[in-house]
Amino acid sequence: MNGDLLPACHEIIKPFIHRTPVLTSGLINDIIGAEVFFKCENFQRMGAYKMRGATHALLKLSDAERSKGVVTHSSGNFAQALALAAQSIGVKAHIVMPTSAPEVKKKGVLEYGGIIYECEPTLEARNTAAQEIQRKTGATFIHPSNDPEVILGQGTAAYELLQDYPNLDYIFVPVGGGGLIAGSALAASYLGNTSKVIGTEPFEVDDAYRSLKSRKIENNKTTNTIADGLKTQLGSNTFPVILEHVERIIRVEEQEIIDAMRLIWERMKIVVEASSAVALAGLYRERSAFKGKQLGVIISGGNVDLSNLPF
């Protein structure tokens with residue numbers, strides 16, 4: 001997989017997505033000691049960058065495949081993205097969601113016409129349920145992060161950011177299944193500038209950090225994090241890209257995530273979810289290393305349960 005496919009991917013999905021804004025904050029620039037450009041995928045259709053990958057994967061299916069529908073498993077954002085993309089294109093979407101998924105994200109899936117199947121909050125339960133739906137319906141399984149077409153689609157967020165700001169030194173990206181950071185790394189590599197991609201993730205789910213160290217995919221022993229979108233692990237397609245192109249991964253504490261989330265809400269006046277705030281939390285934690293630089297931050301989404309805020 002390489003970034004040469006990104007321009008065609010971007011062209012295909014353009015009619016179905018928003019080109020999201022890039023915002024700045026003078027106060028945050030002062031706190032970090034650098035210029036920080038936030039790519040605001042919380043303003044994307046369905047509220048997260050995952051609309052990009054879901055749309056691309058659907059559009060790459062054959063007519064015969066689309067006629068039988070699609071199935072995925074997701075704690076929320078990819079579930080909503082695939083449901084909305086499927087609705088936009090006229091495809092039936094079967095969505096396996098863990099019982100622990102936020103209610104706001106379940107509601108979104110239903111509003112977008114997705115059919116929800118609840119399961120226990122384990123990867124094994126998700127996979128089993130999705131396979132059973134495949135067997136019964138003939139639907140095509142689309143992985144939330146490890147599908148190559150999804151990875152390319154997710155990379156279009158950083159692709160747009162680097163088109164607008166080609167002189168960024170670093171781009172900070174939250175890491176869950178690795179689709180966003182792998183796609184972002186492909187975008188940085190393809191555009192051929194000096195930008196480097198840095199991952200950020202909670203200490204509580206630091207499989208990507210450990211995987212980069214050991215050079216093999218590691219598992220999480222716990223998923224006790226407020227960043228519900230980052231509880232998944234790296235895949236066979238995302239990990240090789242990360243190994244080749246990602247410089248480092250910064251881990252953050254739960255309170256640091258909450259503090260970063262609150263800072264964005266209070267100072268930038270935008271709604272972001274905890275998983276998004278992990279990127280700024282990582283930058284803030286290591287801010288002394290990036291003084292005077294031009295920095296990009298991918299705000300991955302803004303789907304928040306307003307009745308269950310952490311502050």
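Reader: Let's start with Gln44: does it count as buried or exposed, and at what relative accessibility?
Author: Bear in mind that this is a predicted model. Gln44 sits in the loop between strand E2 (35-40) and helix H3 (50-59). The cut-off for buried is under 20% relative accessible area, and Gln44 falls below it, so it counts as buried, at 4%.

Reader: OK, and which residues does Gln44 touch, not counting those up to four places away in sequence?
Author: Gln44 belongs to the loop between E2 and H3, and its contacts lie on both sides of it in the numbering. With residues up to four places away left out, the list is Ile17, His18, Thr20, Tyr49, Met51 and Arg52.

Reader: E2 came up there. Which residue in E10 is the bridge partner of Val36?
Author: E2 runs parallel to strand E10 (residues 294-299), and six bridges join the two. Within that pairing, the E10 partner of Val36 is Leu295.

Reader: Zooming out, which strands stand at the edges of the six-strand sheet?
Author: That sheet is open, has mixed pairing, and goes in the order E1-E2-E10-E7-E8-E9. A strand at the edge has a single partner, so one side of it is left without a neighbour in the sheet. The two strands in that position are E1 (22-23) and E9 (246-252).

Reader: What about E7: which of its residues are buried on each side?
Author: E7 is mostly covered, with five of its five residues buried. As a general point, side chains in a regular strand alternate between the two faces of the sheet. Here one side has Tyr170, Phe172 and Pro174, and the other has Ile171 and Val173.

Reader: Which residue in E10 is the bridge partner of Phe172?
Author: E7 and E10 pair in the parallel sense, over three bridges. In that pairing, Phe172 has as its E10 partner Val297.

Reader: And going the other way, through which helix does the chain cross from E7 to E8?
Author: E7 and strand E8 (residues 196-202) run parallel and are joined by five bridges, one pair being Pro174 with Thr200. The connection is a right-handed β-α-β crossover, and the helix it passes through is H9.

Reader: Sticking with H9, how far apart are the C-alpha atoms of Ser189 and Ala277?
Author: Ser189 is in helix H9 (residues 179-191) and counts as partly exposed at 40% relative accessibility. Ala277, on the other hand, is one of the buried residues of H13. The two are 88 residues apart along the chain, and their C-alpha atoms are separated by 25 Å.

Reader: How many of the residues of H13 are buried?
Author: Helix H13 (residues 274-285) should span 16 Å at 1.5 Å a residue, which agrees with its end C-alpha atoms being 16 Å apart. Its buried residues include Ala274, Val278, Leu280 and Leu283. H13 is largely enclosed by the rest of the structure, because the count of buried residues is 10 of the 12.

Reader: Which residues touch the most other members in the largest nonpolar core?
Author: Nonpolar side chains tend to be buried together in soluble globular proteins. This core has 34 residues, and the ones that touch the most other members are Phe38, Phe172, Leu280, Leu283, Leu295 and Val297. At least two residues each come from H2 (26-32), E2, E7, E9, H12 (254-268), H13 and E10.

Reader: Take Leu283, then: which residues is it in contact with, leaving aside neighbours within four places in sequence?
Author: Leu283 is a buried residue of H13. Its contacts beyond those neighbours are Ile32, Val36, Phe172, Phe290, Leu295 and Val297.

Reader: There's a four-strand sheet too. What is its order?
Author: E3 (residues 70-73) and E4 pair in the parallel sense over four bridges, with His73 opposite Val96. E4 (residues 93-98) also pairs with E5 (residues 115-119), over five parallel bridges. The edge strands are E5 and E6 (140-141), and the full order is E5-E4-E3-E6.

Reader: Last one: how many disulfides does the structure hold?
Author: Cys40 is buried, with a relative accessible area of 0%. Cys119 is buried as well, at 9%. As for disulfides, the number is zero.

Methods: Residues numbered from 1 in each chain as written. Predicted model: local features only at pLDDT ≥ 70, side-chain atom pairs only at ≥ 80, totals over all residues. Heavy atoms only, no water. Buried < 20%, exposed > 50% of the residue type's maximum accessible area, 1.4 Å probe, protein only. Contact = heavy atoms within 4.5 Å. Pairing = 2+ DSSP bridges. Expected span 1.5 Å × (residues − 1). Core = buried A, V, L, I, M, F, W, Y, C linked by side-chain atoms within 4.5 Å. Disulfide = S-S within 2.5 Å. Right-handed = clockwise from strand over helix to strand, strands pointing away.
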